[in-house]
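Reader: Hello! I am new to this structure and would love a close look at a single part of it. Here is what I have in front of me.

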Amino acid sequence: MINGIEKTIRAACPHDCPDTCAMLVDVNAEGRAVRVKGDPDHPFTHGGLCVKVAHYEKRTYHRDRLLYPMKRKGPKGSGQFQRITWDEALDTIASRLGDAAGDNPQSILPYSYAGTMGLLQGASMDRRFFHKLGASLLDRTICSSAGMFGMRYTVGASVGTNPETVDQARYILIWGSNVITSNIHLWRYVLRARAKGARVVTIDPLRTRTADQSDEHIAIMPGTDGALALGMMHVILRDGLQDQDYIDRFTIGFPELKARVEEYPPSRVSSITGLSEETIERLTHEYAKNAPAFIRVNYGLQRHAGGGMTVRNIFCLPALVGAWRHPGGGALLSTSGFYPLNFAALERADLIQGKPRTINMSRLGDALCNAGPAGPAGPPVRAMVVYNSNPAAVAPNQQRVLEGLRREDLFTVVLEHFQTDTADYADILLPATTQLEHFDLHRSYGHTYVMVNNPAIEPLGECKPNTDIFRLLARRMSFSDACFEDSDEDMARQALSTCKGMTLEELKEKGWARLNVGDAPFANGGFPTPSGKCEFYSERLRDLDPLPVYIPPREDRLSNPLLAEKYPLALISPPAHHFLNSTFVNVLADKEAGPTLEIHPEDAATRHIATGNPVQVFNSRGDFLATAVVTDRTRTGVVSAPSVWWNKLVPGGRNANSTTSEELTDIGGGATFYDNLVDVRVVSD
Ligand SMILES: Nc1nc2c(c(=O)[nH]1)N[C@H]1C(S)=C(S)[C@@H](COP(=O)(O)OP(=O)(O)OC[C@H]3O[C@@H](n4cnc5c(=O)[nH]c(N)nc54)[C@H](O)[C@@H]3O)O[C@H]1N2
Ligand SMILES: Nc1nc2c(c(=O)[nH]1)N[C@H]1C(S)=C(S)[C@@H](COP(=O)(O)OP(=O)(O)OC[C@H]3O[C@@H](n4cnc5c(=O)[nH]c(N)nc54)[C@H](O)[C@@H]3O)O[C@H]1N2
Ligand SMILES: [Mo]
């Protein structure tokens with residue numbers, strides 16, 4: 001025993017972040033987790049943890065943890081609860097879901113996202129339960145679906161550059177990604193590449209921590225990146241900078257693409273993006289001439305009307321210049337498509353009978369408030385089970401969402417660690433275990449290892465893992481299929497059944513296993529598209545446009561000048577450094593400077609706004625309050641509200657999502673959080 005540490009457990013960070021860090025948890029003789037640290041042996045995360053997770057045990061043992069089942073005793077939203085037993089909680093839920101199902105099971109809506117990225121606690125027994133029940137399906141679009149489909153139509157899946165080769169890149173374009181905040185372990189590879197002479201350029205409307213550390217920052221207008229990519233393709237082909245051999249062998253649709261990009265000369269692209277022609281020309285030449293060039297795309301830039309096409313356009317670039325040929329070359333948004341896990345065995349879609357409707361999670365307000373012809377087809381939502389998500393804070397068009405959650409005829413169950421904004425609206429609130437208390441299996445979207453999370457401690461209070469809760473509910477509903485008896489380890493084995501050479505025993509022992517992804521996986525084509533090539537022309541996109549095209553934001557000065565006259569500022573609300581979406585806000589709020597609004601000095605001057613002023617940010621959907629920070633870190637015409645705050649922890653009780661819209665992206669049905677015009681004024685009293 002060293003310093004009272006009895007054992008050290010191999011674990012994995014569960015949070016919604018590309019890095020999926022390998023963790024070690026020190027547990028003392030009393031069975032208490034006393035310290036969490038990064039595992040220095042993990043090849044990608046190499047012992048580092050971020051500012052949020054470095055003291056993870058404090059979140060687990062936090063005094064506000066939910067420890068017992070509770071039922072509502074005050075009005076919806078008041079957050080008043082009384083403790084009940086698990087039996088009462090499960091009986092009530094089973095009986096209310098049974099009633100709703102008797103009527104029409106599609107009146108039941110599961111609502112979950114990536115509070116934990118664990119394959120078991122995130123998408124296994126829960127899916128089986130709702131599939132068997134015949135509940136509405138949920139289209140999980142709130143984060144990444146636009147980009148995912150943009151990639152799928154171009155390179156075939158969520159695949160790209162092997163992140164462990166990025167140190168071999170000679171040119172690194174960080175495009176709509178705040179690596180230092182939201183993907184910190186990639187930064188080491190960026191710095192190594194730079195030490196060997198690579199140039200690092202960041203394209204972001206804000207001068208973020210990452211932009212600050214780059215060799216150049218290009219402050220683009222939000223939502224216009226698709227046009228920039230087309231402009232770059234124009235310059236590449238105009239100046240003969242393409243890799244014709246790679247194009248001929250490993251792409252389809254080149255002649256059509258060539259004709260299309262002629263429509264995007266730098267002059268046109270300059271007026272769309274707010275960048276000078278000189279910048280566009282120079283950026284393109286640097287990109288095309290410094291092989292291997294790597295583009296780190298992230299999800300920020302796809303939260304706009306044209307988000308899917310934007311990612312598609314950007315993913316055409318590496319094939320055009322042959323960047324995929326080299327280790328370190330290419331583009332990366334997500335590695336999740338590399339994992340050959342058996343998701344079908346986990347989720348068991350075969351349990352679905354008939355054809356239930358699908359509800360898009362990014363239109364929750366609509367789904368809850370618009371029974372009838374205006375809303376989703378089918379019956380009104382009568383019961384909702386929320387887990388791994390905090391929609392009252394994170395979903396767009398917040399006032400509509402809250403209106404829905406207040407409905408007296410809606411039965412709401414929430415599985416949580418803490419009493420979040422959403423939990424305040426629960427009829428039954430169930431205490432879930434955290435990562436230190438349960439078992440799980442993980443993939444990553446920023447590296448290529450399968451990870452295991454061994455439980456370090458016993459569940460606190462009466463907390464239960466999500467898997468257990470759905471197992472118990474299945475029993476209460478008398479579901480007799482054998483799959484409802486599977487243990488978590490059984491399910492992990494099923495998930496691994498399609499991964500050659502990986503066993504659960506080895507994973508539990510070592511903590512991770514590397515996928516077999518080559519150093520230059522697309523050097524000789526082999527894209528997982530229908531043609532096996534990079535598809536500049538995609539037959540599957542015939543209904544929208546089979547070729548790359550610029551789809552402007554719904555709300556910007558060029559596409560909607562009337563709206564822009566009324567609400568002239570583009571609001572983006574990217575992650576605050578110490579928060580993970582709305583997770584950690586209650587634990588780490590004091591590390592952030594309160595809800596702030598960053599505004600450029602010129603935009604502040606015309607509104608008589610000074611740093612420290614309380615301001616109201618508003619549009620036709622709603623408003624929220626923040627403290628102004630006047631700074632040239634944001635460009636003119638753009639304001640930024642670091643997010644996602646808990647409503648109940650900020651003045652006014654509502655956050656940036658009071659202004660965001662439920663409109664969806666061009667492909668993938670994604671949320672459009674950053675496609676959002678507002679205006680700002682000082683709050684006078
Ligand atoms: N610390 C921390 N890490 C996180 C998260 C977190 O909340 N906190 N969230 C996790 C999740 S769920 C996700 S999806 C990822 C998100 O990771 P990122 O995609 O990196 O997240 P964002 O901050 O939304 O977007 C990145 C950058 O894009 C910029 N941006 C916004 N709109 C545009 C645009 O139109 N064009 C361009 N070029 N840039 C734009 C923003 O200013 C921001 O700096 O990070 C994950 N990691
Ligand atoms: N304005 C604005 N809105 C945004 C974004 C933005 O950038 N700006 N980002 C969007 C993005 S990218 C995303 S991904 C979504 C994220 O939205 P969500 O997926 O809802 O993420 P969180 O807000 O982190 O909430 C997750 C909740 O799950 C809980 N949780 C964690 N682990 C477990 C578990 O094991 N069991 C149970 N039962 N609960 C658990 C946590 O306590 C937390 O309250 O938000 C979106 N909303
Ligand atoms: Mo996300």
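In which order do the strands of the open sheet of 5 strands come, and what kind of pairing joins them?

Author: Happy to walk you through it. This is a predicted model, in which local features need pLDDT of at least 70 and side-chain atom pairs count only at pLDDT 80 or more, while totals for chains, interfaces and linings use all residues. Residues are numbered from 1 along each chain as its sequence is written, chains are lettered from A and ligands numbered from 1 in the order in which they are written, and side-chain values use heavy atoms, with hydrogens and water left out.

Your sheet has the order E10-E9-E8-E12-E13, and its pairing is parallel. Strands (E, at least two residues) and helices (H or I, at least four) are DSSP runs numbered from the N terminus, and two strands pair if DSSP finds at least two bridges between them. At the edges are strand E10 (216-218) and strand E13 (330-332), each of which pairs on one side only. Neighbouring strands of this sheet are turned by 20° against each other on average, direction ignored. Axes here are lines fitted to C-alpha atoms, for helices over the stretch in contact, and angles run from 0 to 180 degrees between N-to-C directions.

Let's begin at the E10 edge. Strand E9 (residues 199-203) runs parallel to E10 and is joined to it by 3 bridges. To find one of these pairings, look for Thr-202, whose bridge partner in E10 is His-217.

Now for a helix on this sheet. Helix H7 (residues 184-195) lies across strand E8 (171-175), E9 and strand E12 (293-297), and runs at about 145° to E8. Just before E12, Pro-292 is found in the loop between helix H13 (277-289) and that strand. The peptide bond that joins Ala-291 and Pro-292 is cis, with omega about -5°.

Next comes a pair of helices. Helix H9 (residues 225-238) packs with helix H14 (residues 307-321) at an angle of about 25°, their axes 8 Å apart. H9 and H14 are therefore roughly parallel to each other; angles under 35 degrees count as roughly parallel, over 145 as roughly antiparallel, 65 to 115 as roughly perpendicular and the rest as oblique. H9 passes H14 in a left-handed crossing (the near helix is turned anticlockwise from the far one by less than a right angle; clockwise would be right-handed). Residues of H9 that meet H14 include Ala-229, Leu-230 and Met-233, and on the H14 side Ile-314, Leu-317 and Leu-320 are among them. Contact means heavy atoms within 4.5 Å. The residues of this contact divide into 11 nonpolar, 3 polar and 1 charged (Ala, Val, Leu, Ile, Met, Phe, Trp, Tyr, Cys and Pro count as nonpolar, Asp, Glu, Lys and Arg as charged, and the others, Gly among them, as polar).

You can set your sheet beside another open one, where 6 strands follow the order E5-E4-E17-E16-E15-E6 with mixed pairing. Its edge strands are strand E5 (81-83) and strand E6 (108-112), and its twist averages 20° from one strand to the next. Within that sheet, strand E4 (residues 70-72) and strand E17 (residues 428-431) run antiparallel, joined by 2 bridges, and Met-70 stands opposite Leu-429 in E17.

As a last bit of context, the protein chain has 24 helices and 27 strands.
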